[in-house]
Amino acid sequence: ESLYWVVFNGSVLIYRLCRHALSPARASLAVPHLAYCALALEGIVPLLQPRFVAWRTRVYVTLCHAYEATGATAGALRAAEHGLAQVDRLWRLEEMSPTARPPPDRPQRPELVAARRTMRALRLKYSGA
C-alpha cells in the first residue's frame with residue numbers, strides 16, 4: 001500500500017493512451033484497459049481517499065464514453081452504475097468517520113458531491129430515461 005502511487009501513475013498513463021483511442025473505430029481497444037484502470041484504482045486502499053475521487057470519476061466517465069463509442073450502451077450503463085456505487089460507498093464511509101464530518105452549515109465534501117452528480121447524470125443518460 002505504500003506504493004499506491006505506482007498504480008495511480010499507471011492509471012494516468014493508460015488513461016492518456018486510451019483517451020486518444022475514443023473514436024468509434026478504435027474505442028473497443030480502450031474499453032478493457034480503462035475498465036482495468038477503474039478496478040485497479042478500487043483495489044488500493046489509499047486511492048479510495050476522497051482526494052482521489054475526481055480522478056476515479058474521470059476514469060469512469062471515459063470508460064462510459066468508450067462503451068458509448070462502440071455502441072455498447074448497456075456496458076456504459078453498467079460502468080456508470082458501478083462508478084456510482086463506488087462513490088456512494090465512499091460517501092457512506094465518510095459519513096461514518098467522526099473526523100471527516102463537515103460542520104452543520106456546510107454540505108458534504110464538494111469533491112464527493114461533484115462525483116455523485118456526475119455519476120448520476122451518466123446513469124440517467126445511459127438508462128434511456
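What share of the 129 residues of the protein counts as buried? In this predicted model, the answer is 40%.

**View 1. The whole chain, helices and nothing else in the way of elements.** The protein has 5 helices and 0 strands, so reading from the N terminus you get α-α-α-α-α. Its C-alpha trace spans about 50 × 40 × 20 Å along the principal axes. A compact globule of 129 residues would have a radius of gyration near 14 Å, and the 15 Å found here agrees with that. Of the contacts with a separation of 6 or more, 66% join residues 24 or more positions apart.

**View 2. H1 passing H3 in a left-handed crossing.** Here we're looking at helix H1 (residues 4–19) and helix H3 (residues 53–70), whose axes come within 12 Å and cross at roughly 35 degrees. On the H1 side, Phe8, Ser11, Val12 and Tyr15 do the touching; on the H3 side, their partners are Trp55, Arg58 and Thr62. Sorted by class, that makes 4 nonpolar, 2 polar and 1 charged residues.

**View 3. H3 alongside H5.** Helix H5 (residues 110–127) packs against H3 at an angle of about 10 degrees, with the axes 9 Å apart. Angles under 35 degrees count as roughly parallel, so H3 and H5 earn that description. H3 brings Val53, Thr57, Tyr60, Val61, Cys64, His65 and Glu68 to the contact, while H5 answers with Glu111, Leu112, Ala115, Thr118, Met119, Leu122, Lys125 and Tyr126. The tally by class for this pair is 9 nonpolar, 3 polar and 3 charged.

Terms used:
Residues numbered from 1 in each chain as written. Predicted model: local features only at pLDDT ≥ 70, side-chain atom pairs only at ≥ 80, totals over all residues. Heavy atoms only, no water. Axes fitted to C-alpha atoms, helices over the stretch in contact; angles between N-to-C directions. Helix = DSSP H or I, 4+ residues; strand = E, 2+ residues; numbered from the N terminus. Left-handed = near helix turned anticlockwise from the far one by under 90°. Contact = heavy atoms within 4.5 Å. Nonpolar A, V, L, I, M, F, W, Y, C, P; charged D, E, K, R; others polar. Parallel < 35°, antiparallel > 145°, perpendicular 65-115°, else oblique. Rg over C-alpha atoms; globule rule 2.2 N^0.38 Å. Buried < 20%, exposed > 50% of the residue type's maximum accessible area, 1.4 Å probe, protein only.
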